[in-house]
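Visitor: I should like a close look at a single part of this structure, namely one of its sheets. Please describe how its strands are arranged, and then place that part beside other features of the model.

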Amino acid sequence: MQIFDAIIIGAGFSGLYQLHSLRDKLGLKVKVLEAGEGVGGTWYWNRYPGARCDTESKAYSYYFSKELYEEWNWSERYPTQPEIEKYLNFVTDRLNMRKEIQFNAQVTDLIFDENKHLWRVLLKNKEQYFAKFVISAVGCLSFANVPTIPNRDLFSGEVYHTGNWPKKNPTLKGKKIGVIGTGSTGIQVIPEVAKLAKKLTVFQRTPNYSVPANNYKLTEADQIRANEEFNKSKQLMLQHRGGHPWKHSNKAAKKTNSVERKKLYEKAWDNGGLSFRDTFSDLSVDLESNNTASNFIKDKIKSIVHDHRTADLLTDFDHPFGSKRPPIDTNYYETFNQKDVELINIRNNPIESFVSNGIKTSKQHYELDVMIFATGFDALTGTLLNMNIEGNNNIKLKNVWKSGPITNLGLLIPDFPNLFLITGPGSPAVLTNMPRAIEQHVEWITECIHFMITKNYQTIETTSKAADKWGRTVHETVNDTFFLSAKHSWYLGGNIPNKPKVFIPYAGGLNKYRELCDMVALAKYDEFIFTQKK
Ligand code: N01
């Protein structure tokens with residue numbers, strides 16, 4: 001029987017830092033179980049053409065070690081998937097972590113043994129391990145949402161989901177390709193596939209607002225400056241509600257005259273990237289203000305796309321700007337000016353079934369050699385609920401979360417002792433620059449386990465009362481914002497049939513959240529119940 005102090009599930013950004021922290025700071029015996037053949041997590045699986053992070057590379061790095069930060073040079077403003085995968089491999093080897101990671105290790109069951117106070121961890125290949133602590137580092141966007149389209153077996157072509165893209169890149173050149181989905185992923189994959197396809201058909205259900213990335217190569221001078229500004233950037237990110245290295249505007253769009261407003265939007269558009277959302281302070285709380293951003297983007301799209309019908313379809317928004325995660329792009333709208341690219345509205349012309357040589361909608365038949373699903377994820381809860389997780393008295397997580405996830409601070413679940421979640425539901429997670437949220441969680445969990453060791457505690461658990469209270473906070477925090485108006489958003493479970501429709505992440509800001517977590521730690525985790533080792 002192999003017993004570890006801690007088992008970490010997942011070897012992405014969060015699993016790797018958690019391994020380093022528990023092993024090198026606390027001296028624990030740790031194992032990481034990773035379903036993939038290599039490290040990377042999200043950045044292992046999402047290797048579709050055009051996959052690139054839309055947080056700037058200098059911010060999308062670990063900040064726990066200045067030395068580590070300075071040893072890695074990013075080549076572009078936004079890092080590509082291959083470069084992030086290389087970076088995470090570099091970190092793994094630099095910190096000598098590979099030997100603790102078991103690859104091709106898909107966890108199927110986590111069962112808590114109340115007598116032994118141990119988690120039993122079962123793998124798909126029937127191996128099993130035991131651990132005092134389990135830390136879920138499974139990622140927020142790791143369970144692919146693959147729509148069920150009838151007659152899949154009849155289709156003689158290839159089918160891919162961007163979130164499970166094959167390691168050996170499929171040949172797309174000269175083929176008739178269909179893409180379903182126009183979220184952040186679709187918006188990245190479409191321009192790249194359009195360069196290769198004989199004919200590209202984009203099936204759009206809902207248009208999304210996108211702002212140019214304005215990517216560029218980084219120079220040696222950029223690298224030197226970033227290293228010099230390490231502490232300043234870190235501070236900026238700690239203070240920003242989304243963990244980004246810029247200041248949130250304190251100017252309301254509503255109180256700015258139209259000429260000045262347009263000037264500021266133009267400047268933000270030219271600069272490119274996610275900071276466009278922070279041009280004004282009131283875009284997420286005031287619909288009239290939000291309309292000024294929405295209309296600005298609409299005008300931009302219409303000035304880029306030549307065909308009026310296509311431009312109308314791309315701007316037929318059904319939600320305020322930013323209420324769904326806004327993508328950034330490189331030549332997305334320009335791609336629709338290619339004569340071999342067609343945009344199909346599947347809102348009024350829904351897909352009915354696959355046919356042997358393509359797909360059939362209610363109005364037409366489209367010939368395809370390849371179908372690409374860029375249809376997103378069962379976010380935040382999908383991967384956890386796909387495992388059999390049993391806590392006290394064999395209570396099943398599936399049952400506990402039947403009406404939506406219940407956690408305290410997104411970190412612990414009542415009745416599931418010693419099981420920590422990194423960027424779990426109820427934490428700021430996907431509303432942030434992920435490495436900042438991950439570092440905060442890993443450091444909190446490490447401190448908490450250290451506290452338990454010094455006190456000779458065996459288990460930690462949150463009460464249902466504390467978790468319900470946190471659930472109310474998550475709910476009240478989002479209530480005054482526009483997030484609830486995007487009914488189909490994955491933040492709300494709106495993209496998955498039968499998923500409870502509750503807003504999943506904490507929308508109060510990572511800076512505020514960090515303060516709350518720090519207060520809990522300072523109060524010696526008084527919201528939690530500990531048992532003493534016998
Ligand atoms: O997924 P999405 P994504 N029939 O859910 C459509 C992160 N990310 O993979 O809007 C037809 O946003 C769906 O249509 P609708 C980022 O946080 C980051 O693009 O539901 N269409 C939508 O158009 C992002 O938010 C980067 O009507 C269907 C699309 O598929 C998150 O990942 C890059 C459908 C799904 O959009 C998810 O983005 C990429 C169906 N049955 C992604 N089901 C970075 O840069 C879904 N759709 C870091």
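Guide: Val355 stands opposite Gly358 in β14, and this pair is a convenient point of entry. The model is a predicted one. β13 and β14 form a hairpin, with 2 residues between the two strands. The two strands run antiparallel and are joined by 4 bridges. Gly358 also has a bridge partner in β15, namely Glu367. Strand β14 covers residues 358-361 and pairs with β15, again in the antiparallel sense, over 3 bridges.

Taken together, the 3 strands make up an open sheet with antiparallel pairing, in the order β13-β14-β15. The edges are occupied by β13 (351-355) and β15 (365-367); each has a single partner strand, so one side of each is left without a neighbour in the sheet. From one strand to the next, the twist averages 20°. As a general matter, the strands of a sheet pair through backbone hydrogen bonds, in either a parallel or an antiparallel manner.

Beyond the sheet, the surroundings of the ligand merit attention. The ligand has 26 residues around it, of which Arg52, Asp54, Thr185, Arg205 and Thr206 come nearest. By class, the residues of this shell divide into 10 nonpolar, 10 polar and 6 charged. Helix α5, formed by residues 184-196, gives the most to the shell, with 3 residues.

Several polar atoms of the protein can be placed relative to oxygen atoms of the ligand. A polar side-chain atom of Trp490 lies 3.1 Å from a ligand oxygen, and a polar side-chain atom of Arg325 lies 3.3 Å from a ligand oxygen. For Ala374 it is a polar backbone atom that is 3.4 Å from an oxygen atom of the ligand. On its own the ligand has 900 Å² of accessible area, and the protein covers 88% of it.

A last feature concerns charged side chains. In general, side chains of opposite charge can pair when their charged atoms come close. The structure holds 28 salt bridges. One of them joins the side chains of Arg77 and Glu56, with an N to O distance of 3.0 Å. Arg77 lies in the loop between α3 (66-71) and α4 (81-94), whereas Glu56 lies in the loop between α2 (42-45) and α3, so the pair ties together parts that are 21 residues apart in sequence.

Key
Residues numbered from 1 in each chain as written. Predicted model: local features only at pLDDT ≥ 70, side-chain atom pairs only at ≥ 80, totals over all residues. Heavy atoms only, no water. Pairing = 2+ DSSP bridges. Axes fitted to C-alpha atoms, helices over the stretch in contact; angles between N-to-C directions. Near = heavy atom within 4 Å. Polar contact = N/O pair within 3.5 Å; in protein donor to acceptor, adjacent residues only side chain to side chain. Areas by Shrake-Rupley, 256 points an atom, 1.4 Å probe, with all protein chains shown as cover. Nonpolar A, V, L, I, M, F, W, Y, C, P; charged D, E, K, R; others polar. Salt bridge = Lys/Arg side-chain N within 4 Å of Asp/Glu carboxyl O.
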